[in-house]
Amino acid sequence: QTSKEFIAGRTEWEISISHLVVSSNEYQGMLKVGTSFSISVVINGVRKTGTAICNQADIGGAVGNLATGSIHLKGTGPLT
């Protein structure tokens, strides 16, 4: 059983991204679980920024220098 502590003014959010990767070696070196990233997204025409931690990064389907990649990020505070 898990429990969450909610802090007033904080918002929980997650982003999952799937994309093509040009260099699988570069991707694996840059995206590691536990790494923190600054995020900038556009939601309904409004740019929002925040910080997130990578909690999953996968690469697969490599053909030559091209591969598919996916990353899952969990926000560490509100998008503002």
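This briefing walks through the fold, the core, a few contacts and some individual residues of the chain above. The model is predicted, and its pLDDT averages 77 over the chain, with 70% of the residues at 70 or better. In outline, we're looking at one helix and four strands, arranged along the sequence as β-α-β-β-β.

**Fold and surface**

- Of the chain's 80 residues, 21% come out as buried.
- The exposed surface adds up to about 5800 Å², and carbon and sulfur atoms account for 53% of that.
- Take the contacts between residues at least 6 apart in sequence: 55% of them join residues at least 24 apart.

**Where to trust the model**

- Confidence bottoms out in helix α1, residues 24-30, where the mean is 59.
- At the other end of the scale sits β2, which has the highest confidence in the chain at 87.

**The nonpolar core**

- Nonpolar side chains in soluble globular proteins tend to be buried together.
- Here the largest nonpolar core is a set of nine residues: Trp13, Ile15, Leu31, Phe37, Ile39, Ala52, Cys54, Ile71 and Leu73.
- Strands β2 (36-43), β3 (46-63) and β4 each give two or more residues to this core.
- Ala52, a core member, lies in strand β3 and is buried, because its relative accessible area is 0% and the cut-off for buried is under 20%.
- Setting aside residues up to four places away in sequence, Ala52 touches Trp13, Thr35, Ser36, Phe37, Ile39, Leu73, Lys74, Gly75 and Thr76.
- One of those partners, Gly75, has its C-alpha 4.1 Å from that of Ala52, with their positions 23 residues apart in sequence.
- Ile15, also in the core, contacts Ile39, Val41, Ile71, His72 and Leu73 once neighbours within four places in sequence are left out.

**His72 and Ser16**

- His72 is part of strand β4, which spans residues 66-75.
- With a relative accessibility of 16%, His72 falls under the 20% cut-off and therefore counts as buried.
- The side chain of His72 makes a 3.2 Å polar contact with the side chain of Glu14.
- Beyond its neighbours within four places in sequence, His72 contacts Glu14, Ile15, Ser16, Ile53, Cys54, Asn55 and Gln56.
- Ser16, over in strand β1, is 56 residues from His72 along the chain, yet their C-alpha atoms are separated by 4.4 Å.
- Ser16 is exposed, because its relative accessible area of 57% is over the 50% mark.
- Neighbours within four places aside, Ser16 is in contact with Ile71 and His72.

**The salt bridge**

- The count of salt bridges comes to one.
- Lys74 and Glu14 are the pair, with their side chains meeting at 3.2 Å, N to O.
- This pair ties together distant parts of the chain, since Lys74 belongs to strand β4 and Glu14 to strand β1 (residues 14-21), 60 residues apart.
- How exposed are the two ends? Lys74 has a relative accessibility of 27% and counts as partly exposed, while Glu14, at 46%, is partly exposed too.
- So Glu14 turns up twice in this briefing: in the salt bridge with Lys74 and in the polar contact with His72, where the His72 side is buried.

**The β2-β3 loop**

- Most residues other than glycine have a negative phi.
- Asn44 goes against that habit with a positive phi of about 50°, although it isn't a glycine.
- You'll find Asn44 in the loop between β2 and β3.
- Asn44 is exposed, because its relative accessible area reaches 78%, over the 50% cut-off.

**The end of the chain**

- Thr80 sits in the segment after β4.
- At 61% relative accessible area, Thr80 is over 50% and so counts as exposed.
- Exposed or not, Thr80 still has partners: not counting residues up to four places away in sequence, it touches Arg47, Lys48 and Thr49.
- The C-alpha of Thr80 is also 9.5 Å from that of Ser40, a residue 40 places away along the chain.

Technical notes
Residues numbered from 1 in each chain as written. Heavy atoms only, no water. Buried < 20%, exposed > 50% of the residue type's maximum accessible area, 1.4 Å probe, protein only. Polar contact = N/O pair within 3.5 Å; in protein donor to acceptor, adjacent residues only side chain to side chain. Contact = heavy atoms within 4.5 Å. Areas by Shrake-Rupley, 256 points an atom, 1.4 Å probe, with all protein chains shown as cover. Core = buried A, V, L, I, M, F, W, Y, C linked by side-chain atoms within 4.5 Å. Salt bridge = Lys/Arg side-chain N within 4 Å of Asp/Glu carboxyl O. pLDDT = per-residue confidence, 0-100.
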